[in-house]
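Let's take a stroll through a protein model and see what its inside looks like. Have the structure open while you read.

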Amino acid sequence: MNLSSIGRKVGMSISGMFLLLFLTIHLAINLTSVLSREAYEAAYGLMDENLLIQVMVPILALGFMVHILMGIILTIKNRKSRPQGYQLKGKFRNVSWASKNMFALGLIVLGLLAIHLSHFWAKMQLQHWMGNEGENPYDLMKILFSNGWYVAMYIVWILALYFHISHGFWSMFQSLGMSPGKWIPRFQVISKIYSHIIMIGFMLIPVYFFLGFGQP
């Protein structure tokens, strides 16, 4: 493996950490919406007013997008270098479905992320940056998640994220040089736990509002 290949793997791993931090912060903030309108608006206000968070979140979001774009570019390069494909043999025959479909999962995540940002970020944070009032975050969430098609799209997005993270979390540490004999099995367990938390947490929110539990 040459230095450029190692550099790309390290770059993917580091940008993957940005993705994990971005998701964790947003899940923690968004889950307050199922507690009460006041809790969510307070959490959103903190996110909108705290200078550290204002600087950190765009950086994490950029790392998120860089990670997915790097994955797409690397996949295209790998496929060009093996135009006829190759047979998985021996231990590689048991490679997980997620690891074999990281490219497709990344495309789904990136495409639906763009739609999601156009509905939420563009109508809230972007408006504030432009000096406008923007939509009320809680009301906007209620409106969007009352639409069955939007809820279905959102759940597909979260499922794609789940499968992407379930493989990417532990393989990130493998790419950074962790010993496969001792640490990787442990990170695989942590990966399953974390990806399930992300999936269940993010799915809870649209289902909560779609079923009409949101406050007036």
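What follows looks at a core, one residue and a pocket.

This is a predicted model, where local features need pLDDT of at least 70, side-chain atom pairs count only at pLDDT 80 or more, and totals for chains, interfaces and linings use all residues. Residues are numbered from 1 along each chain as its sequence is written, and side-chain values use heavy atoms, with hydrogens and water left out.

Start with the largest nonpolar core, which has 53 residues. Such a core is a set of buried Ala, Val, Leu, Ile, Met, Phe, Trp, Tyr and Cys residues joined through side-chain atoms within 4.5 Å. Leu-23, Phe-64, Phe-145 and Leu-161 touch the most other members. Helix 8 gives this core its largest share, 14 residues; helices here are DSSP runs (H or I, at least four residues), numbered from the N terminus.

Now for Asn-30, which sits in helix 1. Asn-30 counts as buried because its relative accessibility is 14%, and buried means under 20% relative accessible area with a 1.4 Å probe, protein chains only.

Here are the contacts (heavy atoms within 4.5 Å) of two residues, leaving out neighbours up to four places away in sequence.

| Residue | Contacts |
|---|---|
| Phe-145 | Phe-120, Tyr-150, Val-151, Tyr-154, Ile-205, Pro-206, Phe-209, Phe-210 |
| Asn-30 | Tyr-40, Met-141, Phe-202, Ile-205 |

Finally, which helix supplies the largest share of the lining of the second largest pocket? Helix 3 does, with eight residues.

Methods:
Helices (H or I, at least four residues) and strands (E, at least two) are DSSP runs, numbered from the N terminus. Buried means under 20% relative accessible area, exposed over 50%, partly exposed in between (1.4 Å probe, protein chains only).
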